[in-house]
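Let's take a walk through this protein together, with the model open beside you. We will go from the whole chain to a few helix pairs and single residues.

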Amino acid sequence: MASRIIIRSIVGLYKDLICAIIAYVIKKSYVKGSDIMKDHLVKATAEDVRIFAAVTTDLVGEAVKRHDCYPVAAAALGRTMTGALLLAANLKNEEAITVKIQGNGPLGKIVADAVPEGYARGYVDNPHVDLPLNAKGKIDVAGGVGQNGLISVTRFTGLKKNIIGSAELVTGEIAEDLTNYLYISEQTPSSIGLGVLVDTDLSIKAAGGFFVQPLPNASEDVLNRIESNLCAVGSVTSLISEGLNANGIITKILEGFEVNFLETTDLHFHCHCTRERIEEVLMSLGRDDLQSLIDDGHAEVGCQFCGKKYQFTADKLEALKS
Ligand SMILES: [Zn+2]
């Protein structure tokens, strides 16, 4: 009798535990969907359209933390890195892309590198720019970037000649600038959406984007349906905050289309700097500059892209000089 009661209470406890775990999982997926979603990019096609969508919350968060970005810089850098990943998704394996935005605003230059394997890194010249919200109550990315300047895209093909294209900035909001760049430089009409939602503690609540491109033979009807869907979906970050992954974003944008989902790629922040590369930079300095570092007794060189610090003793610098 006593053992039955013990077994029953153990079963009861076990049930309570299972219920608590199920409740926790449900709460996690509904309340904070983006917290448990890993960064990823999905490619898909539909009737005369191709589309990529990406969730980049973690990798943007990592970049923002490493560079100690304030909200304007966080949004601008996050949008640029996400845009670079969307463009990189078009490349062949082992190619790479650099997106550089040089506007006349206080942020200075914003640079992002990405590869089709899903890695990105980036930096912004002035991460501590602080601006009031714009007239729409949003982070003033255009005010930080500036509306005059250039967006340039370099495609590293692994061959001797890299392909470089550029276009004037149109709004400084980055997504429109990239869309315009593709139209001007590559004669391809497309639509790019990018978003970064910064929390009050400067962490990243949601980040991501999409790239939609109608194929050259797409009918007027297809173009109209995509346009009206794009108007209806709202911001990318609101979709990600609702817990949608890249497949969900694509489904929303291509509502009414039969979508053919292709591959999914995991995305990560990754910098390929090494001590050897930093040594090469030091060796490229003139002998006088290197000597002045030796005279200081020590040098600390930080990687611009990831903030990693490399230390060099006077003896090591002396060896590099010779
Ligand atoms: Zn680095």
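What follows is a short tour of a predicted model, from confidence and overall make-up to local detail.

**The chain as a whole**

How confident is the prediction? The protein chain has an average pLDDT of 88, and 89% of the residues reach at least 70. Two stretches call for care. Over residues 5-11 the pLDDT is below 50, and this stretch makes zero contacts in the model beyond near neighbours in sequence. Residues 19-35 also stay under 50 in pLDDT, yet the model gives them twelve contacts beyond four places in sequence. Where pLDDT is low, the predicted coordinates should not be read in detail.

In terms of secondary structure, the protein chain holds eleven helices and 13 strands. Of its 322 residues, 37% count as buried. If we take the contacts between residues at least 6 apart in sequence, 65% of them join residues at least 24 apart.

**Helix α2 and its partner α3**

A good place to zoom in is helix α2, residues 57-67. Eight of its eleven residues are buried, so the rest of the structure largely encloses this helix. Which residues of α2 are buried? They are T57, L59, V60, G61, E62, A63, V64 and H67. Just after α2 comes D68, whose phi is positive at about 50°.

Two packed helices are described by the angle between their axes and the distance between the axes. For α2 and helix α3 (residues 71-88), the packing angle is about 135° and the axes lie 10 Å apart. This angle makes α2 oblique to α3. The crossing of α2 past α3 is right-handed. On the α2 side, the contact is made by L59, V60, A63 and V64, while α3 supplies A74, L77, G78, M81 and T82. Sorted by type, the residues of this contact of α2 with α3 are seven nonpolar, two polar and no charged. You may recognise the spacing here: an α-helix has 3.6 residues a turn, so residues three or four places apart point the same way. Note also that L59, V60, A63 and V64 are among the buried residues of α2.

**The pair α10 and α11**

Farther along the chain, helix α10 (residues 287-296) and helix α11 (residues 314-321) come within 9 Å of each other, axis to axis, and cross at roughly 165°. That angle makes α10 roughly antiparallel to α11. In this pair, α10 passes α11 in a left-handed crossing. The residues that meet are R287, L290, Q291, L293 and I294 in α10 and A314, L317, E318, L320 and K321 in α11. This contact of α10 with α11 divides into six nonpolar residues, one polar and three charged.

**Two strand residues and their distant neighbours**

Strands also bring separate parts of the sequence together. N260 lies in strand β10, which covers residues 260-266. Is N260 buried or exposed? N260 counts as exposed, because it has 11 C-beta neighbours inside 10 Å. Leaving aside residues up to four places away in sequence, N260 touches A44, T45 and A46.

S191 belongs to strand β8, residues 191-198. With 18 other C-beta atoms within 10 Å, S191 is partly exposed. Beyond residues up to four places away in sequence, S191 touches T179, V212 and L230.

For each of these two residues, here is one pair compared in sequence and in space.

| Pair | Apart in sequence | C-alpha to C-alpha |
|---|---|---|
| N260 and K43 | 217 residues | 8.9 Å |
| S191 and I226 | 35 residues | 9.8 Å |

**Positive phi in two loops**

Most residues other than glycine have a negative phi, and most peptide bonds are trans. Against that background, two loop residues deserve a look. D48 has a positive phi of about 60° although it is not a glycine. D48 is found in the loop between β1 (40-46) and β2 (49-55), and it is partly exposed, with 17 other C-beta atoms within 10 Å.

Where is E94 in the fold? E94 lies in the loop between α3 and β3 (96-103). Phi of E94 is positive too, near 75°. E94 counts as exposed, with 11 C-beta neighbours inside 10 Å.

Technical notes. Residues are numbered from 1 along each chain as its sequence is written. This is a predicted model: local features need pLDDT of at least 70, side-chain atom pairs count only at pLDDT 80 or more; totals for chains, interfaces and linings use all residues. A residue is buried if 20 or more other C-beta atoms lie within 10 Å of its own, exposed if 12 or fewer, and partly exposed in between; C-beta atoms are placed from the backbone. Helices (H or I, at least four residues) and strands (E, at least two) are DSSP runs, numbered from the N terminus. Axes are lines fitted to C-alpha atoms, for helices over the stretch in contact, and angles run from 0 to 180 degrees between N-to-C directions. Angles under 35 degrees count as roughly parallel, over 145 as roughly antiparallel, 65 to 115 as roughly perpendicular and the rest as oblique. A crossing is left-handed if the near helix is turned anticlockwise from the far one by less than a right angle, and right-handed if clockwise. Two residues are in contact if their C-beta atoms, placed from the backbone, lie within 7 Å. Ala, Val, Leu, Ile, Met, Phe, Trp, Tyr, Cys and Pro count as nonpolar, Asp, Glu, Lys and Arg as charged, and the others, Gly among them, as polar. pLDDT is the predictor's confidence in each residue, from 0 to 100.
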